Amino acid sequence: MKVAAVIVCVVSLSAHDSSGVRWERLVPFGAGTITALTVSHIAQARHYWKTSVPFYVNSGADAGYAAGADKFGHAMAAYATTILVREGLVWSGVDTTVATLVGAATALINQTLVEYRDATSVASSGADYPYLGWSWGDVAANVAGAALPVAQQLWGERLPLLAALRYKYSIHSSGNVERGLYRSIFDDYESQYHWLCLPLSALIADSSAWWLRSVGVAIGHSVRGIVADGGLYTYSGKHEIWLALDYNLEAIPTDSPLLRSVLRILNLARLPSPCIRLIPNAAVFGFRW
């Protein structure tokens, strides 16, 4: 219902000049967004949470959980949700700035509800303690992920590097799911990679060539050694830092607003390319996610 209130807010904010709003698109998009987030929350409740417990703040173990890789995941979830909602609203004729702000609000409401359930639920495994607890680190990561598109929309014209920055995600299986350590690859942070990407055109002065906008560099992060046999977290692990070639799908020329939005959404994923692992030990890889 809170997400529904956000969609209503969209209508209110755009009511001052609704001449461009495509209501035949906005209404089904709003309904679809509410449905998708509700289904996602129900699925998470079944997968992660069991019964309610008093509100609990995780002020200790959270610092070592997944070697901090979960914070990158929280930021990615908020960032991607903001982009998805924003592009859907723009397709529906909503002003881009309003769409970006509402996308960020939707992401933060959704992520905060998840955080609250973490803080007030016993783990689905049946353990008699709160699942994860409220994490201020998670909240900060959520805010950072949702804030990036907002900052780009508000200040991108004055800060070209900020406007060109993209946060991307990729998966390359660690084998932990196959070994039975996780039920899903989305629970396995060792299989997940998060990237900050810039096209070459943002790094080279006075460069407008199409190919310089099409390719760029990506700095990535992942972790290793955060789970022991049986799937228990070790609260340790090694950080991995990567350098990779990146493709900027948004550089593909098109006059179609819908295709531009589709390319923006697809650009959330880093496609397979040559990579170099810089830390903890240097290694060169061929095409991989």
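Tyr79 is buried, at 0% relative accessibility. The model examined here is predicted. Tyr167 is also counted as buried, at 8% relative accessibility. For both residues the cut-off is under 20% relative accessible area.

These two tyrosines belong to a wider aromatic picture. A search of the whole structure gives eight aromatic pairs. One of them joins Tyr79 and Tyr167 in an edge-to-face arrangement. Their ring centres are 5.8 Å apart, and the planes meet at 70 degrees. The pair links distant parts of the chain. Tyr79 belongs to helix H3 (residues 69-91), while Tyr167 belongs to strand E3 (residues 166-171). In sequence the two residues are 88 residues apart.

Helix H3 also meets the strands more broadly. H3 lies across E3, E4 and strand E5 (215-224). Relative to E3, the helix runs at about 115 degrees.

Those three strands are part of an open sheet of six strands. The order is E3-E4-E5-E6-E7-E8, and the pairing is antiparallel. E3 and strand E8 (283-288) form the edges, each pairing on one side only. On average, neighbouring strands of the sheet are turned by 30 degrees against each other, direction ignored. Within the sheet, E6 pairs with strand E7 (residues 273-279) in the antiparallel sense. Four bridges make up this pairing. Trp242 has Arg277 of E7 as its bridge partner.

Trp242 has an aromatic partner as well. Both Trp242 and Tyr193 are buried. Their ring centres are 5.7 Å apart and their planes stand at 80 degrees, so the pair is edge-to-face. The cut-off for this class is over 60 degrees. Tyr193 lies in strand E4 (residues 192-199) and Trp242 in strand E6 (residues 238-247). The pair therefore ties together parts that are 49 residues apart in sequence.

Further aromatic residues form a group. Phe55, Tyr116, Trp134 and Trp136 make up one aromatic cluster. Charged side chains also sit over aromatic rings. Arg270 lies over the face of Trp195, 4.2 Å from the ring centre. Arg288 has its charged end over the ring of Phe285, at 5.0 Å from the centre of that ring.

Two helices pack against each other. Helix H4 (residues 96-119) and helix H5 (residues 136-155) meet at an angle of about 175 degrees. Their axes are 9 Å apart. The angle makes H4 roughly antiparallel to H5, because angles over 145 degrees count as such. On the H4 side, the residues in contact include Thr96, Thr100, Leu101, Ala104, Leu108 and Glu115. On the H5 side, they include Val139, Asn142, Val143, Ala146, Val150 and Leu154.

A last site lies outside the helices and strands. Ala251 is found in the loop between E6 and helix H8 (257-266). This alanine is buried, with a relative accessible area of 5%. Leaving out residues up to four places away in sequence, Ala251 touches Trp210, Arg213 and Ser214. Ala251 and Trp211 are 40 residues apart in sequence. In space, their C-alpha atoms are 8.4 Å apart.

Key:
Residues are numbered from 1 along each chain as its sequence is written. Side-chain values use heavy atoms; hydrogens and water are left out. Rings of Phe, Tyr and Trp (its six-membered ring) pair if their centres lie within 6.5 Å; planes under 30 degrees apart count as stacked, over 60 as edge-to-face and the rest as tilted. Buried means under 20% relative accessible area, exposed over 50%, partly exposed in between (1.4 Å probe, protein chains only). A charge sits over a ring if NZ of Lys or CZ of Arg is within 6 Å of the ring centre and within 35 degrees of the ring normal. Two strands pair if DSSP finds at least two bridges between them. Axes are lines fitted to C-alpha atoms, for helices over the stretch in contact, and angles run from 0 to 180 degrees between N-to-C directions. Contact means heavy atoms within 4.5 Å. Angles under 35 degrees count as roughly parallel, over 145 as roughly antiparallel, 65 to 115 as roughly perpendicular and the rest as oblique.
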